[in-house]
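Subject: Structure for you to look at

Hello,

Here is the structure I said I would pass on. Please open it and keep it beside you while you read the notes below.

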Amino acid sequence: MEINKLKAIVEGLLFASGNEGITIKQLSDVLEVTEATIELVLDELKQEYESTDRGIRMMQAHEVFHLTTKPEHSHYYKKLLETPQTTRMSQAALETLAIIAYNQPITRTEIEEIRGVKSDRPVQTLLSRLLIEEVGRKDTVGKPILFATTKEFLTYFGLTSLQDLPPLPDANDEEVETEADLFFERFNEQINEDHS
């Protein structure tokens, strides 16, 4: 495979792997090329990202590579986060928030196992709205990031602690499930009123 095409695919895989990142072995297996070839591609990409006219850079933690923003641009990211959100949270974001609230700390992979679909975008939405935060890394292969809710989450919900969350429904407990659904719907409506 041509080196530029390989670089483009590796870059896409780095992006798609999100904060959890990807290893040289995983890249080698997916692309069916040697680990030495992957190392060469990663070195070239890293040099390109270090150019001053690029907004992202490649980070390596242990054996895991991932993309991140450049710290010298942090002022702009803060401004973005401080910009009031005017859009309603998606159903996917609300589902993800509920999963995190009741199962924290939890990794993105564990969230996806519960939801049954990829959850990168809902997790990013919740991070950008400061409703969840990274609270460490799980002591397993790849050291995935653990997510938990924030004080802002409690404030938005009017909770003093996580113990105040509505109880999770049993398999046959429709009343409790309805109560939890209404709780999260009220939360979404509150966000929209706050930012309108």
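His-66 is buried, because its relative accessible area is 13% and the cut-off for that class is under 20%. The residue is part of strand E3. Beyond four places in sequence, His-66 makes contact with Leu-14, Gly-18, Asn-19, Gly-21, Arg-57, Met-58 and Met-59. Please bear in mind that this is a predicted model.

One of those contacts, Met-58, belongs to strand E2. Met-58 counts as buried too, at 5% relative accessibility. Its contacts more than four places away in sequence are Leu-14, Leu-42, Leu-45, Lys-46, Tyr-49, Phe-65, His-66 and Leu-67. From Met-58 to Glu-48 is 10 residues along the chain, and their C-alpha atoms are separated by 9.7 Å.

Phe-65 turns up again with Ile-24. Ile-24 sits in helix H2, residues 24–31, and is buried at 14% relative accessibility. Ile-24 and Phe-65 are 41 residues apart in sequence, yet 7.9 Å apart in space from C-alpha to C-alpha. Leaving out residues up to four places away, Ile-24 touches Glu-35, Ile-38, Glu-39, Leu-42, Glu-63 and Phe-65.

On the chain as a whole: the protein has 9 helices and 6 strands. Of its 196 residues, 36% count as buried. Among contacts with a separation of 6 or more, 50% are between residues 24 or more positions apart.

Next, the nonpolar cores. The largest nonpolar core contains 21 residues, and those with the most contacts inside it are Met-89, Leu-97, Ile-100, Leu-126, Ile-132, Phe-147 and Phe-153. At least two residues of this core come from each of helix H5 (91–103), H7, strand E6 (145–149) and helix H8 (151–157). The most come from H5, which gives 6 residues. Apart from this core lies another, of 15 residues, and Val-10, Ile-22, Val-41 and Met-58 are among them. Met-58, described above, is thus listed in this second group.

Phe-147 is a useful residue to click on in the largest core. Setting aside neighbours within four places in sequence, Phe-147 is in contact with Ile-100, Gln-104, Pro-105, Ile-106, Arg-108, Val-123, Leu-127, Ile-132, Glu-133, Glu-134 and Val-135.

Two of those contacts bring us to the backbone. The peptide bond from Gln-104 to Pro-105 is cis, with omega near -10°. Pro-105 has its place in the loop between H5 and strand E4 (106–107). As background, most peptide bonds are trans, and most residues other than glycine have a negative phi.

Where are the positive phi values in residues other than glycine? Two to look at are His-62, with phi near 60°, and Lys-143, with phi of about 45°. His-62 lies in the loop between strand E2 (56–61) and E3. Lys-143 is in the loop between E5 and E6. Are these two buried or exposed? His-62 counts as exposed, because its relative accessibility is 64% and the cut-off is over 50%. Lys-143 has a relative accessible area of 30%, so it is partly exposed.

Last, the largest pocket. Its space comes to about 1200 Å³. The lining is made up of 30 residues, and Asn-19, Thr-69, Gln-124, Leu-127 and Glu-134 lie nearest the centre. By type, the lining residues divide into 11 nonpolar, 11 polar and 8 charged.

Which elements each supply at least two residues of that lining? They are helix H1 (3–16), strand E3 (64–69), helix H4 (74–82), helix H7 (120–128) and strand E5 (132–137). H7 gives the most, with 6 residues. Domain 1 (3–76) and domain 2 (91–194) each contribute at least three residues to the lining.

Some of the names in the pocket have come up before. Asn-19, one of the residues nearest the pocket centre, is also touched by the buried His-66. Leu-127 and Glu-134 are likewise among those nearest the centre, and both are in contact with Phe-147.

Regards

Technical notes
Residues are numbered from 1 along each chain as its sequence is written. This is a predicted model: local features need pLDDT of at least 70, side-chain atom pairs count only at pLDDT 80 or more; totals for chains, interfaces and linings use all residues. Side-chain values use heavy atoms; hydrogens and water are left out. On a 1 Å grid over the protein atoms alone, a cavity is a set of points where a 1.4 Å probe fits but cannot get out, and a pocket is an open set with protein on both sides within 12 Å along at least five of seven lines; lining residues have an atom within 4 Å of a point. Grid points are joined across faces, edges and corners, and a volume is the space filled by probe spheres set on the points. Helices (H or I, at least four residues) and strands (E, at least two) are DSSP runs, numbered from the N terminus. Ala, Val, Leu, Ile, Met, Phe, Trp, Tyr, Cys and Pro count as nonpolar, Asp, Glu, Lys and Arg as charged, and the others, Gly among them, as polar. Domain bounds come from an automatic or database domain assignment. A nonpolar core is a set of buried Ala, Val, Leu, Ile, Met, Phe, Trp, Tyr and Cys residues joined through side-chain atoms within 4.5 Å. Buried means under 20% relative accessible area, exposed over 50%, partly exposed in between (1.4 Å probe, protein chains only). Contact means heavy atoms within 4.5 Å.
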